[in-house]
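Some labels in a structure description rest on a number and a cut-off. The questions below ask how such labels are reached.

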Amino acid sequence: NADCKFAFSNNIKCCKINQKSKYYNENKTEFKKFNLEVIKPIFKMLKHYIELDNKDVIFTGFNEMIVNSSVRSAIHTDSKNADGVSILFTLGDCKSNIALPDYNISIPLIPHKSLVILPLKRMRHSNDEINENELNKRISIVLYNK
């Protein structure tokens with residue numbers, strides 16, 4: 001709702017990952033596969049718009065990743081992000097929308113196809129309603145700098 005002038009908070013099922021995290025270091029083989037299959041193609045598209053190192057690693061342009069699973073987020077800003085740009089995409093089989101209530105718009109997020117780059121530190125955002133039967137199929141990933 002665009003008339004809402006405050007942010008909400010909800011408990012979310014998420015995993016914050018960076019190069020120092022135990023989860024990342026215990027699963028480097030899986031992250032290398034993820035890098036080749038998901039991250040590298042994204043960065044290849046972005047090289048014309050965002051300056052990135054030439055390394056083929058997840059944390060080339062961003063130093064943190066958050067993976068949200070089976071959750072619909074409340075209205076919030078990513079206030080702890082160090083800079084303005086966040087990259088958001090979804091995996092799984094759940095179609096959802098990212099809502100920007102101050103602009104009264106929603107952007108469809110189609111799993112494995114949509115890529116959204118926004119200054120989520122400054123923009124309040126949430127998810128539109130998601131059918132409860134679909135939520136358990138939802139995985140969203142956000143890359144940002146902390």
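Q: Is Tyr 24 buried or exposed, and what makes it so?
A: The model is a predicted one. In it, Tyr 24 has a relative accessibility of 12%. Buried means under 20%, so Tyr 24 counts as buried.

Q: Why is Phe 31 called buried?
A: The relative accessible area of Phe 31 is 9%. The cut-off for buried is under 20%, and therefore Phe 31 counts as buried.

Q: Why does Tyr 23 count as partly exposed?
A: Tyr 23 has 45% relative accessibility. Buried requires under 20% and exposed requires over 50%. The value of 45% meets neither condition, so Tyr 23 is partly exposed.

Q: Why is the pair of Tyr 23 and Phe 31 called edge-to-face?
A: By the rule for ring pairs, the count comes to two aromatic pairs. In the pair of Tyr 23 and Phe 31, the ring centres are 5.9 Å apart and the planes stand at 90°. Rings pair if their centres lie within 6.5 Å, and planes over 60 degrees apart count as edge-to-face. Both conditions are met, so this pair is edge-to-face.

Q: What makes the pair of Tyr 24 and Phe 31 tilted?
A: Here the distance is 5.0 Å centre to centre, with 55° between the planes. Stacked needs under 30 degrees and edge-to-face needs over 60, with the rest counted as tilted. The angle of 55° fits neither of those two, so the pair is tilted. Tyr 23, Tyr 24 and Phe 31 form one aromatic cluster.

Q: Why is Thr 90 called buried?
A: Thr 90 has a relative accessible area of 1%. Since buried means under 20%, Thr 90 is buried. This residue is found in strand β3. Leaving aside neighbours within four places in sequence, the residues in contact with Thr 90 include Leu 109, Pro 111, His 112 and Ile 139.

Q: How do you know that β3 and β6 pair?
A: Four bridges join β3 to β6. At least two bridges are needed for two strands to pair, so these strands meet the rule. They run antiparallel, and Ile 87 stands opposite Ile 117 in β6.

Q: Which residues of β6 are on the covered face, and which on the uncovered one?
A: Val 116 and Leu 118 make up the covered face, while Leu 115 and Ile 117 make up the uncovered one. In a regular strand, side chains alternate between the two faces of the sheet.

Q: Which residues of the largest nonpolar core touch the most other members?
A: This core has 19 residues, and those with the most contacts to other members are Phe 34, Ile 39, Met 65, Phe 89 and Leu 143. The elements that give two or more residues are α2, β2, β3 and β8. Of these, α2 gives the most, with seven residues. A second, separate core has 11 residues, among them Leu 100 and Tyr 144.

Q: What is the pattern of helices and strands along the protein chain?
A: The pattern reads β-α-α-β-β-β-β-β-β-α-β, with three helices and eight strands. Of the 146 residues in the chain, 42% count as buried.

How values were computed. Residues are numbered from 1 along each chain as its sequence is written. This is a predicted model: local features need pLDDT of at least 70, side-chain atom pairs count only at pLDDT 80 or more; totals for chains, interfaces and linings use all residues. Side-chain values use heavy atoms; hydrogens and water are left out. A nonpolar core is a set of buried Ala, Val, Leu, Ile, Met, Phe, Trp, Tyr and Cys residues joined through side-chain atoms within 4.5 Å. Buried means under 20% relative accessible area, exposed over 50%, partly exposed in between (1.4 Å probe, protein chains only). Contact means heavy atoms within 4.5 Å. Rings of Phe, Tyr and Trp (its six-membered ring) pair if their centres lie within 6.5 Å; planes under 30 degrees apart count as stacked, over 60 as edge-to-face and the rest as tilted.
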